[in-house]
Amino acid sequence: MTAPALALAGVGVDRAEVQIIHDVSLDAAPGAVTVILGANGAGKTTLMDGIAGLAPLRSGTIRLDGKPIEKLAPYKRAWAGLGYVEQARTTFRTLTVEQNLLVSQSGDGDLGTVYRLFPELEKRRGLQAGHLSGGEQQMLVLGRALVSAPKVVLIDEMSLGLAPLVVRRLMGTVGELAGMGIAVVLIEQFANLALDIGTHAHVLRKGRVVFSGPCEELRGDEQRLHRLYFGGPPLSAAKTDAGAAESELE
Ligand SMILES: Nc1ncnc2c1ncn2[C@@H]1O[C@H](COP(=O)(O)OP(=O)(O)OP(=O)(O)O)[C@@H](O)[C@H]1O
């Protein structure tokens, strides 16, 4: 089995001194998309912020390529190979597309790869980022993560406010990032789009993992997803398949 690029063990994360994330253990393999699902307020962003060092860790360890990073400052986690595409689409609005990419470039990061993935950006390389459409801005945010030559990329709800066609296009690119050997950890409101490109999924409820297993077990199963998101009567034995760890918390 491939060693995980990112490995969390017993992770707890606080917000304003209140523990939001409890005892989360999960791995993200290189070359795969790991999907994190859950209802609004389940703690998905808090978990990502904890991994990136933007929210304080209460417990646990975070390893990137086998090395502990949980005590490092956020910028050192980035240097170690952790890319974070946050929910708010942040670009330098008065800089051009190319300048936005250049300020984020490091190591082996290559603008050519970004332009190959997003020909739209190459066409607009001299345009100020503030003039891009929402979809193009999201491409630029992904591009900025990519030119830092990351081993792991965390992507939080990149589909917010975008048209379905644009979201599908971006999802295709996320699959390509994984195809380049990057471990992608994806939070997505459109669960089925994420499950289509993901290999493993973890569902969070009230800050705890209530499902870990292959994406195919959840694909198209709206009822099961609803129950995992919001709780409900226990699943029948036939439905709690081997290989998936599932609990029904209230
Ligand atoms: N800065 C903060 N201070 C205090 N509590 C916070 C803060 N940010 C988030 N929370 C709380 O932490 C919990 C988890 O929020 P979080 O944003 O991580 O969930 P989420 O699953 O990402 O939800 P969404 O899909 O709505 O973004 C919520 O109860 C929220 O109110």
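The exercises below, each with a worked solution, concern a predicted model.

**Exercise 1. Describe the overall build of the chain, and explain why it can be called as compact as a globular protein of that length.**

Begin with the secondary structure, for which the count in the chain is 9 helices and 11 strands. Next, compare two values: the radius of gyration of the chain is 18 Å, and the globule rule gives 18 Å for 250 residues, so the chain is as compact as a globular protein of that length. Then look at the extent of the C-alpha trace, which spans about 55 × 40 × 35 Å along its principal axes. Finally, consider how the chain packs: 42% of the 250 residues are buried, and, of the contacts between residues at least 6 apart in sequence, 70% join residues at least 24 apart.

**Exercise 2. Work out which strands stand at the edges of the open sheet of 4 strands, and what this leaves on one side of each.**

Start by writing down the order of this open sheet, which is E2-E1-E4-E5, with antiparallel pairing. Strand E2 (18-28) and strand E5 (67-68) are the edge strands, and each has a single partner strand, so one side of each lacks a neighbour in the sheet. As a reminder, strands of a sheet pair through backbone hydrogen bonds, and this can be parallel or antiparallel. Now take one pair in detail: strand E1 (residues 6-15) runs antiparallel to E2 and is joined to it by 7 bridges. Within this pairing, Arg15 is found opposite Val18 in E2.

**Exercise 3. Identify the residues that surround the ligand, and state which helix gives the most to this shell.**

First list the surroundings, which consist of Arg15, Ala16, Ile20, Gly38, Asn40, Gly41, Ala42, Gly43, Lys44, Thr45 and Thr46. Sorting the shell by class then yields 3 nonpolar, 6 polar and 2 charged residues. The helix that gives the most is H1 (residues 44-52), with 3 residues.

**Exercise 4. Decide whether helix H1 is mostly covered or mostly open, and say what follows just after H1.**

The test for a buried residue is that 20 or more other C-beta atoms lie within 10 Å of its own. By this test 8 of the 9 residues of H1 are buried, and the helix is mostly covered. The buried ones are Lys44, Thr45, Thr46, Leu47, Met48, Asp49, Gly50 and Ile51. Just after H1 comes Gly53, which takes a positive phi of about 90°.

Note on methods
Residues are numbered from 1 along each chain as its sequence is written. This is a predicted model: local features need pLDDT of at least 70, side-chain atom pairs count only at pLDDT 80 or more; totals for chains, interfaces and linings use all residues. A residue is near a molecule or strand if its C-beta atom, placed from the backbone, lies within 6 Å of it. Helices (H or I, at least four residues) and strands (E, at least two) are DSSP runs, numbered from the N terminus. Ala, Val, Leu, Ile, Met, Phe, Trp, Tyr, Cys and Pro count as nonpolar, Asp, Glu, Lys and Arg as charged, and the others, Gly among them, as polar. A residue is buried if 20 or more other C-beta atoms lie within 10 Å of its own, exposed if 12 or fewer, and partly exposed in between; C-beta atoms are placed from the backbone. The radius of gyration is taken over C-alpha atoms; the globule rule is 2.2 Å times the number of residues to the power 0.38. Two residues are in contact if their C-beta atoms, placed from the backbone, lie within 7 Å. Two strands pair if DSSP finds at least two bridges between them.
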